[in-house]
Amino acid sequence: MAVIDQTARAKWRWSLIDLVVIVFALIPVLWITSLSFKTPATITDGNFIPREWTLENYRNIFSTDQFVRALVNSIGIGLISTLVAVVLGTMAAYAIARLDFPGKKLLIGISLLIAMFPQVSLVSPLFEIERSIGLFDTWPGLILPYITFGLPLAIYTLSAFFRQIPWDLEKAAKMDGATQGEAFRRVIAPLAAPGVFTTAILVFIFCWNDFLFAISLTSTERSRTVPAALSFFQGASQFEDPTGAISAAAVIITVPIILFVLFFQRRIVSGLTSGAVKG
Amino acid sequence: MADIVLDKVTKAFPDGTLAVQELNLEIADGEFLILVGPSGCGKSTTLNMIAGLEDITSGELRIDGQRVNDKAPRDRDIAMVFQSYALYPNMTVRENMAFPLKLAKLSKEEIDRKVDEAAKVLELTALLDRKPANLSGGQRQRVAMGRAIVRSPKAFLMDEPLSNLDAKLRVQMRTVVSRLQKKLGTTTVYVTHDQTEAMTLGDRVVIMRAGAVQQVGEPQQLYDHPNNLFVAGFIGSPSMNFFPATVASGRLTTALGDFPLGERMRGQVAEHSGDLIVGIRPEHFEDASLIEDSIRQGGAEFSATADLVESMGSDKYVYFTIEGEKASAAELEELAADMGSGDLPSGGSNLVCRFSAESRVKEGDTAKVWVNLEKIHLFDPSDGRNITLHEGRTA
Ligand SMILES: Nc1ncnc2c1ncn2[C@@H]1O[C@H](COP(=O)(O)OP(=O)(O)OP(=O)(O)O)[C@@H](O)[C@H]1O
Ligand SMILES: [Mg+2]
């Protein structure tokens with residue numbers, strides 16, 4: 001009895017802790033969602049549930065070119081950076097997990113170093129460099145630093161995934177008549193897919209959320225991404241507070257992330273490799 | 001189907017490890033050859049070189065008379081069964097077995113027909129739509145076999161395919177493997193470090209030690225006429241008993257007693273001065289009270305106190321401790337280390353005898369033991385050579 005009592009109590013305790021964490025994390029999100037549906041008049045009334053619902057804020061941000069343009073920039077830059085980082089990262093991680101080559105330790109060390117490097121200290125040199133070579137305020141001007149910081153992340157997560165795949169499978173595929181390429185494509189890649197998707201999500205979120213590079217390396221709508229664009233939002237008139245519009249934009253930019261995760265979640269099935277080998 | 005020839009095949013790993021040294025082997029078409037030896041002796045490396053998964057450092061590998069050293073695994077038309085099974089976890093049993101056929105670009109109907117046929121042979125038909133994760137160990141093992149047989153390759157290579165199964169299933173699968181090989185008649189190289197598997201499965205057995213072949217032959221020949229201490233100690237369960245011995249004027253002095261040597265052995269020993277090691281298999285002892293007078297002549301008797309009696313029903317294993325020095329040779333130490341009994345504390349040498357079931361010996365009794373002197377082996381401790389071999393045979 002005592003044991004059951006204890007597990008029941010432990011369950012309760014954990015549920016409570018989980019609840020606190022979820023509430024703590026979700027309240028700001030709900031709050032900003034609530035703000036985005038409020039009218040300018042009621043925005044400061046402090047009510048959690050809007051007394052007057054309106055879609056005006058959403059209509060406003062989509063009516064200006066500013067936000068739509070930023071959204072396009074964010075999606076484009078994020079997707080391209082993610083694609084490049086994940087493709088390069090997959091190849092690098094495969095080599096790291098699979099081969100013993102001279103300088104392997106050094107490569108891992110350098111990529112760790114890059115991942116840890118404080119980004120703030122890079123902003124001014126990058127600004128100068130990009131201005132002098134004409135990359136400032138362009139898509140590549142953001143994509144390059146994103147790949148730089150996304151790649152170590154990709155290599156790290158992916159090599160952990162590759163290490164889990166039994167190499168006997170690749171040998172078996174070769175014995176079954178596959179070329180190196182076919183073995184990778186038909187046997188290794190499907191097993192590595194969950195790792196690749198997980199990595200893609202992580203890298204995309206990193207690019208999507210970045211504010212530092214976005215604000216420092218852009219100057220116009222040409223390449224400004226949403227996090228940076230938000231800070232340039234103005235109210236309908238000079239005297240109007242843009243809180244509602246910013247809230248609406250903030251809600252909008254969380255949507256792709258949620259969709260991204262939901263879409264790939266089904267592919268992140270853990271234990272996909274179970275049953276390949278015994279023990 | 002094909003014959004496989006290894007001609008002075010050597011494998012040196014980049015770190016300098018010499019895993020296989022000048023290995024010569026001729027594997028006949030349709031033969032079931034077993035590679036056996038302690039852990040790390042180079043069995044898997046040899047198999048991987050035949051498969052094409054490891055490069056050959058020097059020497060030549062010929063399949064069907066053709067040099068294949070530089071051919072990729074896919075061009076050698078050989079199938080392999082891995083110890084880990086290496087089933088593709090994202091594919092069903094059917095897809096696993098169809099994989100080599102798909103790569104060979106066979107038509108859909110032909111693939112289905114061959115897979116169904118192989119599944120029937122291995123009793124996998126009901127499991128074709130399952131994923132490997134939902135199979136038992138024995139079933140996974142059969143799928144791995146199935147994937148190897150579907151495309152009727154020139155040869156099968158198997159690297160300890162049964163070692164992940166529990167004891168009972170292993171015995172069962174042993175007969176499955178054996179029957180399958182007989183039925184298909186495909187040249188097979190089978191790696192194991194289980195000497196029972198080696199004795200029961202193969203047409204011929206190759207015993208390896210530290211990358212070199214010790215002896216090649218039919219199981220019975222290896223058992224009856226081991227070339228050296230290593231083979232003698234490796235083959236047989238329980239293994240051969242070894243004691244230090246010396247020879248003087250036609251008599252053999254051992255911890256068991258003084259024995260007269262037969263005519264032939266006296267001649268063989270004559271050229272050899274110094275210490276020897278005598279090796280006697282458990283079944284060449286008998287409870288002296290059960291020996292008929294007619295055969296008593298061929299042996300000698302001694303007394304010892306039984307430590308332990310294990311009755312197996314058909315016969316009895318009786319364990320004795322014999323006072324005195326233990327036989328020592330590099331080969332014996334290696335064998336002991338491989339069996340994990342390298343540093344068992346014991347005040348003397350252990351002796352295991354197999355008596356008939358009628359024996360009345362009990363634990364603690366001092367028993368009179370008869371030993372068949374015609375069946376003993378004498379080894380040179382310096383190089384492990386069996387000096388009682390006569391034209392390649394003993395007795
Ligand atoms: N990639 C490698 N680099 C260096 N040495 C290696 C490598 N692979 C194997 N070896 C060495 O080669 C020797 C033979 O190895 P192998 O795997 O063939 O042994 P084995 O007979 O199959 O043993 P087991 O019964 O344990 O499987 C061992 O000493 C091993 O340490
Ligand atoms: Mg091995």
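**Exercise 1. Find the annotated domain of chain B and describe its secondary structure.**

Solution. The unreviewed UniProt entry carries the annotation "domain: ABC transporter", which covers residues 4-235 of chain B. The coordinates used here come from a predicted model. Next, take the secondary structure over that span: residues 4-235 of chain B are 36% helix and 25% strand. Finally, take the two ends of the span, whose C-alpha atoms are 25 Å apart.

**Exercise 2. Do the same for the annotated transmembrane regions of chain A, using two of them.**

Solution. Start with the record: the unreviewed UniProt entry gives "transmembrane region" for residues 12-32, 70-94, 106-127, 139-162, 183-206 and 245-264 of chain A. Now check two of these spans in the model. Residues 12-32 of chain A are 100% helix and 0% strand, with end C-alpha atoms 30 Å apart. Residues 139-162 of chain A are also 100% helix and 0% strand, and their end C-alpha atoms lie 32 Å apart.

**Exercise 3. Describe the interface of chain B and chain A.**

Solution.

Step 1, contacts. On one side are 26 residues of chain B, and they are in contact with 23 residues of chain A.

Step 2, area. About 2,300 Å² is buried between the two chains, and carbon and sulfur atoms give 62% of it. B:Arg74, B:Pro89 and B:Leu103 supply 25% of the area that chain B buries against chain A, more than any other three residues.

Step 3, polar and charged pairs. Five residue pairs are in polar contact between chain B and chain A, both residues being at pLDDT 80 or more. The rule finds one salt bridge across the interface. To confirm the salt bridge, compare its distance with the cut-off of 4 Å: the closest N and O atoms of B:Arg147 and A:Asp176 are 3.5 Å apart.

Step 4, elements. Strand S6 (78-81), helix H2 (93-103) and helix H4 (137-149) of chain B each supply at least two residues of the side that touches chain A. Helix H2 of chain B gives the most, with four residues.

Step 5, classes. The side of chain B that touches chain A has 18 nonpolar, three polar and five charged residues.

**Exercise 4. Identify the residues around ligand 1 and list polar distances to the ligand.**

Solution. There are 13 residues around ligand 1, and B:Ser39, B:Gly40, B:Lys43, B:Ser44 and B:Thr45 come nearest. For the distances, look at polar side-chain atoms and oxygen atoms of the ligand:

- B:Ser39: 2.5 Å from an oxygen atom of ligand 1.
- B:Lys43: 2.8 Å from an oxygen atom of ligand 1.
- B:Glu160: 3.3 Å between an N or O atom of its side chain and an oxygen atom of ligand 1.

Notes. Residues are numbered from 1 along each chain as its sequence is written. Chains are lettered from A and ligands numbered from 1 in the order in which they are written. This is a predicted model: local features need pLDDT of at least 70, side-chain atom pairs count only at pLDDT 80 or more; totals for chains, interfaces and linings use all residues. Side-chain values use heavy atoms; hydrogens and water are left out. Contact means heavy atoms within 4.5 Å. Buried area is the accessible area (1.4 Å probe) that two parts lose on being put together, summed over both. A salt bridge is a side-chain nitrogen of Lys or Arg within 4 Å of a carboxyl oxygen of Asp or Glu. A polar contact is a pair of N or O atoms within 3.5 Å; within protein, one must be able to donate a hydrogen and the other to accept it, and residues adjacent in sequence count only if both atoms are side-chain atoms. Ala, Val, Leu, Ile, Met, Phe, Trp, Tyr, Cys and Pro count as nonpolar, Asp, Glu, Lys and Arg as charged, and the others, Gly among them, as polar. UniProt positions are given in the numbering used here, feature names are shortened, and annotations may be inferred rather than shown by experiment. A residue is near a molecule or strand if one of its heavy atoms lies within 4 Å of it.
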